[in-house]
Amino acid sequence: MKASSRKPARGKAARTAPRRKAVTRVSVAVASPLLPGAFDTWFKSKGWEPRAHQIGLLEAASKRRSTLLIAPTGAGKTLAGFLPSLVASAARGHDAPRKGAGLRTLYISPLKALAVDIARNLTVPIQEMGLATSVETRTGDTPQSKRARQRTRPPEILLTTPEQLALLIASEDAGYLFADLETVILDELHALVPSKRGDLLALGLARLRRLAPGLMLIGLSATVARPSELRAWLDAQTEADTRILLADCIEVRGGAKPDVSILETEDPLPWASHSARYAVKDILAAIARHRLAIVFVNTRLQAELMFHELWKANEDTLPIALHHGSLDVAQRRKVEAAMADGKLRAVVATSTLDLGIDWGDVDLVIHVGAPKGASRLIQRIGRANHRLEEPSKALLVPANRFEVLECRAALEAAEAGAQDAVVSRTGALDVLAQHVVGIACAGPFDPADLYAETTAALPYASLSRADFDRVVDLAATGGYALRAYDRFARLKTMDDGRLRIAHPRFAQQYRLNIGTIVESPMLKVRMVGRRGRPGVPLSKPLTGGRVLGEIDEWFAGELTPGDAFVFGGETVRLEGIRDNEAYVSRATASDPIVPSYPGGRFPLSTHLADRVRRMLADPARWQRLPTPVADWLALQEGASVIPAADEVLIETFPNGGRYHLVAYPFEGRLAHQTLGMLLTRRLQRAGAKPLGFLANDYALDVWGLEDVSGMIAAGDLSLGTLFDEDMLGDDLDAWLAETTLMRRTFRYCAMIAGLIERRHPGKEKNGRQLTVSASLVYDVLRRYEPGHVLLEAAWHDAATGLLDIARLGDFLRRIRGHIRHMPLERASPLAVPILLEMGREGVGGDARETVMREAAEELMRMTGAVGANSGNGIARGT
């Protein structure tokens, strides 16, 4: 929350205007009569002067204009966003008249931790200026008693999350609570909008506009590729104006360019590892050279593994902590406080520390593994040197050779200021169904009025009345095929045509299951003392103990009592599982298991994939790559071919008693997995007898019993036909009818829409129960109502998410007529990484790196391109 340590400070704000051009302002210090004396004195006492965009927000607020503020890290967005509310509070005084509960400003953040951090930082200027403004947070971690009080006696400024907003507008006293609301501040808007959480928030804001006419919205965002998408999101879209309405925009230019480098180490660079164990000593050395580093990874599994490896090698006992979403909230808050107090040298974190949190004096970001997106990398880099005039410093640590290409592409994208985050989307129908029930919980509603309110939200602006009515019917009865079951009859029609909640229990169920983030069922991890011998089940009940956090139910089910695993930076032993809790004790083990968590893996972005293809196709750019990687590509050029940027390379060769077809689409793991499923069906029909496939972000390997090269040469198989876009027709439909992936996607949609409920008063369904319940509903709908709105929602999610069908379709269209086939006698150097991934799950611990390195050397010898791979280089062979 602090302003710049140099003269100017930082900020952001908003209100509606039809199709105005974005206002670009240089972030220089300015004086303004809009800044009261107490505020001006406070700025001067800090040695600061307000920046132009901070005053710009005050000017917009004086005219009650919703505004989007786009600014780089360290520009003072948060302070700017709150300035209008603080100035208004100072002018209003403590005893100002009010129509309702007195809530004036609502701040909404994508992260609970960010809301807590902002509240802590906001109290400093309030106290130092002697303001009477009250500030509180409201998240899922807030005690129930405090949340109940906030509904009738809220603070002036309430900091919360999209889910808590949904709960508040679903209460019967929502009208009273929001009657005095003047301003909504939406922080890190670019992170909220492109998801179902954004859909839920957009619907909540549409309701707030009805409860508090004249509401002003202030959107705070990092730099985005298309600001107009966020500007339109802030404004109410109405039938009276068929144009997209755009809020004002203040865009801050400038700021120091980040200082980003890629780690080059003397140790051998792995071929297919995802752990980056080879770089642990270098990472520790980088930490030791800086005050405070954040070590970002992409998944919780990688976070646990990297922390464990760093701690084992931490001979200087540097204070290092761990932070991810499955740790207990008390543990996360303890780490956050230690960061703020300067007691740590490094924190290993996932996306929980991605956004605008300003804890401690972070001067280095270390990104372990490829970032998967340019915008994500720029966002994470911005956590270091959180000041506009100072360059953020970052070190990228690729886990394998393909990731070196991706890291170089991401670095070049960051240098160019390129953005690849997609923020425009069509509102999800399962989210709308949840919202409809929530509105009914607050009181009876007229469907026509709710339709007009819904289409005022940009994600739903194009929603037809017919589709809206289908969603209302889903919320009210479950749809045609389910209306005979009382459990789905959540809404009742009144005599005047309005709809109301059918029974109070449905309102209770709604509040227990609110939200759009559907995770695998989790078990609480509770620490207890050792009660028996390792491997011997306990006969006495397990009770008490400190909660460490949560682990995936599926992972816990694979463990047996006595197994050791790492969690929260500790090595623990499973003592037993009771109900929804896993009891553990402290343990020592040379090679403990690292917990796995489903989901959370980011696919390679379309933008970075395109950059990687272009880099690969341009040998002149290989000079900027580490020597082992440049040599590897040179070997590929000699043994096979490097594809052009607009081509896809298909290699076919025998290896290990099987025949392989390896494609290099560079379209991301999700699209490749779907492509693998469809290709195996087509190859089976062609008589190639496929046995399996393996996909990563860069390549796809399908292996079988028949020589695909020979089939192509004989004319029995055409690659153009094999990779034709028509595979997304009947082949896709047939596969989806039998795959569990579509059932899983439907389960997620059904849980969001409220047809399947995880939580009930005093109990919670486990993963198996949820799967069975969802499968029963799925089978009924597919048989009796194949056009059900929830099946439609699941298909849309599959196309853009879990199966990435839309991206696969773009790829198949792109390569039409641009397939480069290379029949080979043996594997190529480019194929080595994906061949190494086959069967690697069976090797664990430090031995994995050795086994993988030996296998890589053997494969490279088999390619005929290299004699040995000693050290960090590759010897060129014939």
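## The five-stranded sheet

In this predicted model, five strands make up an open sheet with mixed pairing, and their order across the sheet is S25-S26-S24-S23-S29. Its edges are formed by strand S25 (690-695) and strand S29 (819-823), each of which pairs on one side only. With direction ignored, neighbouring strands of this sheet are turned by 15 degrees against each other on average.

Within the sheet, strand S23 (residues 648-655) and strand S24 (residues 658-663) are joined in the antiparallel sense over six bridges, and Arg-658 in S24 is the bridge partner of Asn-655. Helix H23 (residues 669-686) packs on the sheet, where it touches S25 and strand S26 (700-704), and the direction of H23 makes about 170 degrees with that of S25.

## Packing of H15 against H22

The axes of H15 and H22 lie 10 Å apart, and the two helices pack at an angle of about 110 degrees; they are therefore roughly perpendicular to each other. On the H15 side, the contact involves Arg-401, Phe-402, Val-404 and Leu-405, which meet Pro-628, Val-629, Trp-632 and Leu-633 in H22. Sorted by class, this contact of H15 with H22 comprises seven nonpolar residues, no polar residues and one charged residue.

## The buried residues of H21

In helix H21 (residues 606-616), the buried residues are Leu-608, Ala-609, Arg-611, Val-612, Arg-613, Met-615 and Leu-616. What covers these buried residues includes helix H15 (401-416) and helix H22 (627-639), together with helix H14 (374-381) and helix H30 (805-814).

Note on methods:
Residues numbered from 1 in each chain as written. Predicted model: local features only at pLDDT ≥ 70, side-chain atom pairs only at ≥ 80, totals over all residues. Heavy atoms only, no water. Buried < 20%, exposed > 50% of the residue type's maximum accessible area, 1.4 Å probe, protein only. Helix = DSSP H or I, 4+ residues; strand = E, 2+ residues; numbered from the N terminus. Contact = heavy atoms within 4.5 Å. Axes fitted to C-alpha atoms, helices over the stretch in contact; angles between N-to-C directions. Parallel < 35°, antiparallel > 145°, perpendicular 65-115°, else oblique. Nonpolar A, V, L, I, M, F, W, Y, C, P; charged D, E, K, R; others polar. Pairing = 2+ DSSP bridges.
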